[in-house]
Amino acid sequence: MKGAYTNPRFSLAMTVMLAMAAALVQAQGTRVGFYARTCPRAESIVRSAVQSHFRSNPNIAPGLLRMHFHDCFVQGCDASILIDGPNTEKTAPPNRLLRGYEVIDDAKTQLEAACPGVVSCADILTLAARDSVFLTRGINWAVPTGRRDGRVSLASDTTILPGFRESIDSQKQKFAAFGLNTQDLVALVGGHTIGTSACQLFSYRLYNFTNGGPDPTMNPAFVPQLQALCPQNGDGSSRIDLDTGSGNRFDTSFFANLRNGRGILGSDQKLWTDPSTRTFVQRFLGERGSRPLNFNVEFARSMVKMSNIGVKTGTNGEIRRICSAIN
């Protein structure tokens with residue numbers, strides 16, 4: 001894939017992203033090209049590791065993207081989600097089904113061999129999330145780096161993560177607490193265009209939701225299909241695509257499914273049923289009468305904003321030699 005990251009389709013978006021990233025992170029202490037002198041191959045090493053694992057298991061792409069999101073919302077983007085031990089973030093219910101830890105470990109091992117003690121686990125995870133989007137045919141963007149790793153990881157802190165039954169008002173409050181607005185919320189949840197969900201997270205919508213029937217916001221023609229995949233009292237760990245028909249490609253199909261009552265998670269479908277978020281779904285879809293927004297570009301913009309939540313730089317934090325253990 002040599003040269004893939006300079007695809008001309010994204011040249012304009014890259015220019016926008018570079019300018020936006022520089023302005024956004026000036027006060028954060030991170031910057032694009034942070035490792036240019038200290039570890040010039042840092043980004044290419046991470047990219048290579050993600051590509052290698054992706055070839056054998058494409059499911060690591062959505063796993064790494066979710067992992068980055070879950071990391072940033074708890075203690076900031078400091079790789080605290082990677083720390084092993086009893087009662088750490090990794091052990092909390094919202095994180096038990098995450099995938100891709102081995103990718104971060106692989107990249108870290110290679111980076112320690114090339115540039116010992118230089119590249120943080122927090123930056124590896126942030127870069128891997130970006131690379132995962134691009135590998136699933138989404139946009140590439142410039143990632144500001146220079147984060148340091150946190151030392152605190154508590155399962156109890158994960159209650160701040162939005163849940164799969166959460167109302168839009170509650171979701172907006174949680175995002176706003178980190179400086180993320182409603183458009184950011186819709187864009188970032190749009191990351192569900194890739195990946196899967198376990199039946200146990202949405203089967204409540206299929207059976208006895210109201211008056212013995214399914215969730216009325218679901219397309220009636222879609223319900224039997226989901227019931228066949230997730231039978232009542234069946235295996236709750238069975239997984240299905242969050243974006244039916246396009247679960248391996250980063251695109252706007254996820255939003256089209258919401259419009260058609262084919263959202264999987266209850267919290268996702270609410271993006272369409274709530275007027276305050278439906279407007280952005282319509283704009284990402286380019287519906288007539290709306291002011292169109294380019295989903296890929298806006299997703300990248302929101303990712304840069306999110307990836308600077310609670311960043312530790314300078315003398316704060318540490319550079320872990322092993323991502324799963326505090327030095």
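**Exercise 1: aromatic pairs**

Find how many aromatic pairs the whole structure holds, then classify the pair Phe69 and Phe175.

*Solution.* Start with the rule: rings of Phe, Tyr and Trp (its six-membered ring) pair if their centres lie within 6.5 Å. A search of the whole structure turns up 15 aromatic pairs. Next, the angle: planes under 30 degrees apart are stacked, over 60 edge-to-face, and the rest tilted. The ring centres of Phe69 and Phe175 are 5.9 Å apart with planes at 45 degrees, so this pair is tilted. Finally, place the two: Phe69 sits in helix α3 and Phe175 in helix α6 (residues 168-176), 106 residues apart. Helices here are DSSP runs (H or I, at least four residues), numbered from the N terminus.

A quick word on the model: it is predicted, so local features need pLDDT of at least 70 and side-chain atom pairs pLDDT 80 or more, while totals for chains, interfaces and linings use all residues. Residues are numbered from 1 along each chain as its sequence is written, and side-chain values use heavy atoms, leaving out hydrogens and water.

**Exercise 2: where two domains meet**

Describe the contact between domain 1 and domain 2.

*Solution.* First, get the bounds: domain 1 covers 41-161 and domain 2 covers 168-306, from an automatic or database domain assignment. Their centres, taken over C-alpha atoms, are 23 Å apart. Now the contact (heavy atoms within 4.5 Å): 23 residues come from domain 1 and 23 residues from domain 2. Last, look for salt bridges (a side-chain nitrogen of Lys or Arg within 4 Å of a carboxyl oxygen of Asp or Glu): the count between the domains is zero.
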